[in-house]
Amino acid sequence: MRVIVVGAGVLGTMHAWHAVERGHDVLHIEREAEARGASVRNFGQIWISGRAGGEELTTALRARELWEGIGARVPGLGFRAIGSLTVVKNAAELAVAEAAARRPDAAARGYRLLDADEARDRNPALRGEFAGALWCERDAAVEPRTAQRVLKEVLLASGRYTYLGGREVREVVGERAVRDDHGDLHRGDAVILCTGAWLGGLVRELVPDLPVRRVRLQMMQTDPLGEPLTTSVADADSFRYYPAYRSDALDALNAGQAQAPTAAAHKMQLLMVQRADGGLTIGDTHEYATPFAFDTVEEPYEHLTGVVESILGRPLPRIRHRWAGVYAQCTDTTRVVHRQQARDGVWLVTGPGGRGMTCSPAIAETTANELGW
């Protein structure tokens, strides 16, 4: 079988990975020279902590298993089973963490409630003042800026994989064939469109009523911290964002403790992970109303700097990168992904939202299974 995959972000790359692993030939087409969208602009977190119970958690846990296996074969991914600490600073936030630790699926996530000293034992870089933390053992991380590149190197070595960068697919021709903007026609036995936040053009022509929206975020990265940050770190604003934390305790937190004005205005949470070079990736904001601004604003960065410094108990290293990114999210946010047959032999897979880096290996595996690869 010859599989054509369009889009070289993490979701497209994982579809190519599963196809090659199952003995098929893959033609991988990307409109940029390399992926430049949400797949390289995220935290690189394999984030189990806040996933909704049921299908979403099952998908994330399966993806975590797949990431670990691939990471063992591809050291350049930088897979690290580092877990995460969601830091809480008062009784109301602690109550939400306690409710999460009582979930029926808490053991599957590796939840454990830690006091401040136990949290510092697990991550000595946290020298600020806080009341405790929710530990999630199953969280992990990879290097997002290089993950697709190192996976592509392994795929190329298989002899069953061809990569065409700088080619934009403009047309689906008949069944199982696409034409790119160079005028070249590519035929296969299956076409998988993983076009990320690119929802216009060909995608709109194929699926005009696509139930997917675009979400914009702002993030930053610092110079090296100068010491290990041994876990990923989140703050209690993440409780407001992720579905796993919904509870009476969260309702009480929302009623009694407002977010900081900047965090509320930009729909913010703190997530932070250390990169292989020692720098910290920190974010993020969420913007849903289009058209999006073309520029970034400073207030979210100032807010995040203050939050991080209060947890670390020290000044943040110099910020050396700021950026904005856009990802595609199902309008029904309870859905893990939108998978649709757009034509005979042509499937569109999009809309994982902030789950993309976490869940892509399992999403691609499900596509492969459903298509009988």
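Me: Which residue of β16 does M272 stand opposite?

Reply: M272 has I282 in β16 as its opposite number. This is a predicted model, by the way, so please read everything below as computed from it.

Me: What makes β15 and β16 a pair of strands?

Reply: Two strands count as paired once DSSP finds at least two bridges between them. Strand β15 and strand β16 (residues 280-283) have four bridges, in the antiparallel sense, so the pair qualifies. In their hairpin, five residues lie between the strands, and G278 takes a positive phi near 95 degrees.

Me: And how do you know that β14 and β15 pair?

Reply: Here the count is two bridges, between strand β14 (residues 232-235) and strand β15 (residues 271-274), again antiparallel. The cut-off is at least two, so this pair is accepted as well. A234 is opposite L271 in β15, and M272 is the bridge partner of V233.

Me: Which way do the residues of β15 point, and are they buried or exposed?

Reply: L271 and V273 point one way, while M272 and Q274 point the other way. All of them are buried. In a regular strand, side chains alternate between the two faces of the sheet.

Me: Where does β15 sit in its sheet, and why are β5 and β17 called edge strands?

Reply: The open sheet has eight strands, ordered β5-β6-β4-β14-β15-β16-β13-β17, with mixed pairing. β5 (111-115) and β17 (319-330) are its edge strands, each pairing on one side only. On average, neighbouring strands are turned by 25 degrees against each other, direction ignored. Helix α3 (residues 91-101) lies across β4 (84-88), β5 and β6 (132-136), and runs at about 145 degrees to β5.

Me: Why is α1 called roughly perpendicular to α2?

Reply: The axes of helix α1 (residues 10-21) and helix α2 (residues 55-73) cross at roughly 75 degrees and come within 14 Å. Angles of 65 to 115 degrees count as roughly perpendicular, so α1 and α2 earn that label. In α1, V10, M14, W17, H18 and E21 meet L66, W67, I70 and R73 of α2. By class, this contact has six nonpolar, one polar and two charged residues.

Me: What makes α2 roughly perpendicular to α12?

Reply: α2 and helix α12 (residues 356-370) pack at an angle of about 90 degrees, their axes 7 Å apart. That angle falls within the 65 to 115 range, so α2 is roughly perpendicular to α12 too. From α2, T59, A60, R62, A63, L66 and W67 take part, meeting α12 residues that include M357, C359, P361 and I363. The classes here are nine nonpolar, three polar and two charged residues.

Me: How do you know that C136 is in no disulfide?

Reply: A disulfide needs two cysteine sulfur atoms within 2.5 Å. For C136, the nearest cysteine sulfur is that of C359, 13 Å away, so C136 is in no disulfide. C330 fails in a similar test: its nearest cysteine sulfur, also that of C359, is 12 Å away. Searching the whole structure turns up zero disulfides.

Me: Why are C136 and C330 called buried?

Reply: Buried means under 20% relative accessible area. C136 has 1%, so C136 is buried. C330 is likewise at 1% relative accessibility, and therefore counts as buried.

Notes: Residues are numbered from 1 along each chain as its sequence is written. This is a predicted model: local features need pLDDT of at least 70, side-chain atom pairs count only at pLDDT 80 or more; totals for chains, interfaces and linings use all residues. Side-chain values use heavy atoms; hydrogens and water are left out. Buried means under 20% relative accessible area, exposed over 50%, partly exposed in between (1.4 Å probe, protein chains only). Axes are lines fitted to C-alpha atoms, for helices over the stretch in contact, and angles run from 0 to 180 degrees between N-to-C directions. Angles under 35 degrees count as roughly parallel, over 145 as roughly antiparallel, 65 to 115 as roughly perpendicular and the rest as oblique. Contact means heavy atoms within 4.5 Å. Ala, Val, Leu, Ile, Met, Phe, Trp, Tyr, Cys and Pro count as nonpolar, Asp, Glu, Lys and Arg as charged, and the others, Gly among them, as polar.
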